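Reader: Could you walk me through this structure, one feature at a time? I would like to learn how to read each of them.

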Amino acid sequence: QLELVEVRCLLPAMAFATWDEYGLDAHCGPTSLNDLETQFSSTMRRVQAALTGAPRGIRVRGELWAKRLTALTAMPREEFRRDRNLHALLLLECLEEGRWVAPFDR
């Protein structure tokens, strides 16, 4: 039986995110800070690739959010890095689908 782990968001006025929403088991995800950084770097490379061909309005908003997420790289706690990674995945999903959802719709 999977246990849902809810992680509070680091950025202002953000909704809650869970590993389950992304098809990830919190206990089978990245297990070390290095793994979390590797996962984040990989996701952000995909975000940058998605931004490259995006219309200007989407690109500007996406770049600002990518900058905010990247600023959270120095977070010392694993929970915060996991949360940052979930937000990076959500940003990528928004860019790929061409529609903004909370918190990126602000």
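Author: Gladly. Let's begin with a helix pair: I58, G62, W65, A66 and L69 in α2 meet R84, H87, A88, L91 and L95 in α3. Keep in mind that this is a predicted model.

Reader: What is the chemical make-up of the residues in the contact of α2 with α3?

Author: They divide into 7 nonpolar, 2 polar and 1 charged.

Reader: At what angle do helix α2 and helix α3 pack, and how far apart are their axes?

Author: Helix α2 spans residues 56–71 and helix α3 residues 78–97; the angle is about 170°, and the axes are 10 Å apart. Angles over 145 degrees count as roughly antiparallel, so α2 is roughly antiparallel to α3.

Reader: Let's turn to R84. Is R84 buried or exposed?

Author: The general idea is to compare the relative accessible area with a cut-off: under 20% means buried. R84, which lies in helix α3, has 1% relative accessibility and therefore counts as buried.

Reader: Which side chains make polar contacts with the side chain of R84?

Author: One is E37, whose side chain makes a polar contact of 3.0 Å with that of R84. Another is N85, joined to R84 through a side-chain polar contact, also given as 3.0 Å.

Reader: Beyond four places in sequence, what is R84 in contact with?

Author: Here the idea is to set aside the sequence neighbours and see what remains. For R84 the list is L36, E37, F40, L69, L72 and T73.

Reader: And N85: where is N85 found, and is it buried or exposed?

Author: N85 is also in helix α3. Its relative accessible area is 2%, so N85 is buried. Leaving out neighbours within four places in sequence, N85 touches L36, Q39 and F40.

Reader: F40 appears in both lists, for R84 and for N85. Where is the place of F40?

Author: F40 sits in helix α1, which covers residues 33–52. With a relative accessible area of 5%, F40 is under the cut-off and therefore buried. Its contacts outside the four-place window are L69, T70, T73, R84, N85 and A88.

Reader: How far apart are the C-alpha atoms of F40 and A88?

Author: Two separations help here, one along the chain and one in space. F40 and A88 are 48 residues apart along the chain, while their C-alpha atoms are separated by 7.2 Å.

Reader: Can we try the same reading on L51? Which residues is L51 in contact with, leaving aside neighbours within four places in sequence?

Author: L51 belongs to helix α1 and contacts I58, R59, G62, E63 and L95. L51 counts as buried, because its relative accessibility is 2%. The C-alpha atoms of L51 and R61 are 9.7 Å apart, with their positions 10 residues apart along the chain.

Reader: What about peptide bonds: what is the omega of the bond from A102 to P103?

Author: Omega is near 5° for that bond, which is cis. P103 is in the segment after α3.

Reader: Finally, how should I read confidence? What is the mean pLDDT of the chain?

Author: Read the mean first, then look along the chain. The mean pLDDT is 77, and 71% of the residues reach 70 or more. Over residues 1–19, pLDDT stays under 50. For that stretch the model has 46 contacts beyond four places in sequence.

Technical notes
Residues numbered from 1 in each chain as written. Predicted model: local features only at pLDDT ≥ 70, side-chain atom pairs only at ≥ 80, totals over all residues. Heavy atoms only, no water. Helix = DSSP H or I, 4+ residues; strand = E, 2+ residues; numbered from the N terminus. Buried < 20%, exposed > 50% of the residue type's maximum accessible area, 1.4 Å probe, protein only. Contact = heavy atoms within 4.5 Å. Axes fitted to C-alpha atoms, helices over the stretch in contact; angles between N-to-C directions. Parallel < 35°, antiparallel > 145°, perpendicular 65-115°, else oblique. Nonpolar A, V, L, I, M, F, W, Y, C, P; charged D, E, K, R; others polar. Polar contact = N/O pair within 3.5 Å; in protein donor to acceptor, adjacent residues only side chain to side chain. pLDDT = per-residue confidence, 0-100.
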